Amino acid sequence: MVKNDITNQMTDAVESRAAIIDEYVLSAEEYMSAFALASEVHDLLLNPHDPTLLQQAQKYTEDFASIKGVFEGLYIATLETIEW
């Protein structure tokens, strides 16, 4: 009986943690999808070397990040904009 009780408690704990992780991932996906739909992102990806578009996209990124308070990992880049 003790073994079954402990097993049930552990199962409940694992399932509740898995639900929290699933919710976090879903929220992050929605956040990134909303960010990526902006014209500032689209325009900059089409013209990554345009300084005006870069400035607009930087401002958009900062404004967007300030809404949720998360800036880490939020950026716009192509393979050409990354230095190896």
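How much area does the chain expose, and what share of it do carbon and sulfur atoms supply? The chain exposes about 7,000 Å², and carbon and sulfur atoms supply 60% of that area. Please keep in mind, as you look through the views below, that this is a predicted model.

**View 1. The whole chain is built from three helices and has zero strands.** Following the sequence, you meet the pattern α-α-α. The radius of gyration is 20 Å, well over the 12 Å that the globule rule gives for 84 residues, so the chain is more spread out than a compact globule. Along its principal axes, the C-alpha trace spans about 70 × 30 × 15 Å. Of the 84 residues, 17% count as buried. Looking at contacts between residues at least 6 apart in sequence, 51% of them join residues at least 24 apart.

**View 2. The largest nonpolar core gathers 12 residues.** Welcome to the core: among its members are Tyr31, Phe35, Ala38, Val41, Leu44 and Leu53. Ala57, Tyr60, Phe64, Ala65, Leu74 and Ile76 belong to this core as well. Helix H1 (2-36), helix H2 (39-46) and helix H3 (51-68) each give two or more residues to it. The largest share, five residues, comes from H3. As a general background note, nonpolar side chains in soluble globular proteins tend to be buried together.

**View 3. Phe64 and the residues it touches.** Here we zoom in on one member of the core, Phe64. Leaving aside residues up to four places away in sequence, Phe64 touches Tyr31, Ala34, Phe35 and Leu74. Of these partners, Tyr31, Phe35 and Leu74 are listed in the core too.

**View 4. Glu72, in the segment after H3.** Is Glu72 buried or exposed? Its relative accessible area is 75%, so Glu72 is exposed. To find your bearings, look for Thr61: the two residues are 11 residues apart in sequence, and their C-alpha atoms are 11 Å apart in space.

**View 5. Glu80, another residue found in the segment after H3.** Glu80 counts as exposed, at 62% relative accessibility. A handy landmark for this view is Pro48, 32 residues away from Glu80 along the chain. The C-alpha atoms of Glu80 and Pro48 are separated by 8.5 Å.

**View 6. The charged side chains of the chain, 4 positive and 15 negative.** Try picking out the two sets in turn. The centre of the positive set and the centre of the negative set lie 12 Å apart.

Technical notes:
Residues are numbered from 1 along each chain as its sequence is written. This is a predicted model: local features need pLDDT of at least 70, side-chain atom pairs count only at pLDDT 80 or more; totals for chains, interfaces and linings use all residues. Side-chain values use heavy atoms; hydrogens and water are left out. A nonpolar core is a set of buried Ala, Val, Leu, Ile, Met, Phe, Trp, Tyr and Cys residues joined through side-chain atoms within 4.5 Å. Buried means under 20% relative accessible area, exposed over 50%, partly exposed in between (1.4 Å probe, protein chains only). Helices (H or I, at least four residues) and strands (E, at least two) are DSSP runs, numbered from the N terminus. Contact means heavy atoms within 4.5 Å. The radius of gyration is taken over C-alpha atoms; the globule rule is 2.2 Å times the number of residues to the power 0.38. Accessible areas come from the Shrake-Rupley method with a 1.4 Å probe; for residues, only the protein chains shown count as cover. Lys and Arg count as positive and Asp and Glu as negative; His and the chain ends are not counted. The place of a charge is taken as NZ of Lys, CZ of Arg, CG of Asp or CD of Glu.
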